[in-house]
Amino acid sequence: MILLRIMARPFRRGIAAVYSILMLMILCGLVSMGVDLGRVQLAKTQLRSAADGAARAGAAGLATSVTQAKTDAAAVAAANTCDGVAVALDERLDIDFGTWDSGTKTFIVYNGAAQNSADAVRITARRIAARNTAIPLVFARLVGVDTCDITAVAIAQSTPGGSPASFVGLAGVDLHNKCYFVSYNPNVAAMPKVGDATVNDNSRVDTNGVLSAAADGHVQGNVRLGPSGSVSGPVAITGTTSTQSSAITAPASPAWSPGSNPGGIPQNYTVSADTTLPGGTYWFTDLNINKNLTFSGPATVYVNGDVTFGGDKMDLLAYNDFPANLKIYQIGSSRTFGGNHNENNIVAQVEAPGGTFLAHD
């Protein structure tokens, strides 16, 4: 009996040690899930935003050439960061040209000279171990996992018949006081002025109604009209004016499905001092801009209400002054975007089919 007791004690201690090691490994795994997984998920979101912006830039660049599309896509990707590092695209491996089959929901790749007839761009942004860019992990190293590969794919299709419209006024466009529409390459110059060597004639204005101007209205590019559209007044159009057989349609509004804003920003938000918000997704019922508002990363903003400027010289600017880095969706009807004030700068991609856009020189 004494011998059996002596033998049992070390055996029980050994079992406890094994349990302790197993529990420690499980705890390390749980910590890894809480810390490392959160880091990876944030990096995935950032990489998706970079890929999306790069695809849009590449699709717009197709209006010039495949080479320009590659340059623009790579530059927009590099203007975004993922886990604190600029996103790098391999122009040979990460940028594909082809066409998008909306019926089968597939991307058809073109190779060689066929790329010159492509109307869509596919971007595959990667942070992978094979390139020594995988997302490093901290606690997961304790269980033998040092890094995590992430990939984001985005496809963008260029607008048939030329470059995408710079501005669409579904019901009409009324220009006053030296209003100009020009296009520019944000990789070359941010917010250039009319007359600068960096602006070009790839701008396009679309409307189903009347494009009218009281004085010095200028479109450095083309005008596309719906069946009932027309041009009235002294509008200088450097390109062509064409009329479609069917009306220009409004884009489908995204669903209003609000979540929590980064930093606890309220949904009814007034910018009362110069403010820089972090990148991310925002949901607002009203956005009142009384001081300059910028973003420190790519952002998507949904507004189920008005976007108003409270005075002159207020800025609403995307991260790094790249329009693709700030997407604003105004939801609902009878909305207002802008205000009766002078010299307000907006650098963003805006969809507001139910709103009236107001801006003064």
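Student: How many helices and strands are there in the chain?

Tutor: Two helices and 33 strands. Helices (H or I, at least four residues) and strands (E, at least two) are DSSP runs, numbered from the N terminus. This is a predicted model: local features need pLDDT of at least 70, side-chain atom pairs need 80 or more, and totals for chains, interfaces and linings use all residues. Residues are numbered from 1 along each chain as its sequence is written, and side-chain values use heavy atoms, without hydrogens and water.

Student: Why is Gln-330 called buried?

Tutor: Buried means under 20% relative accessible area (1.4 Å probe, protein chains only); exposed means over 50%, and partly exposed lies in between. Gln-330 has 2%, so Gln-330 is buried. Gln-330 sits in strand S29 (residues 326-330).

Student: What makes the reach from the Gln-330 side chain to the backbone oxygen of Gly-305 a polar contact?

Tutor: A polar contact is a pair of N or O atoms within 3.5 Å; within protein, one must be able to donate a hydrogen and the other to accept it, and residues adjacent in sequence count only if both atoms are side-chain atoms. The Gly-305 distance is 2.9 Å. The side chain also reaches the backbone oxygen of Thr-336, at 3.0 Å.

Student: Which residues touch the most other members of the largest nonpolar core?

Tutor: Phe-97 and Ile-123, in a core of 29 residues. H1 gives the largest share, eight residues. Such a core is a set of buried Ala, Val, Leu, Ile, Met, Phe, Trp, Tyr and Cys residues joined through side-chain atoms within 4.5 Å.
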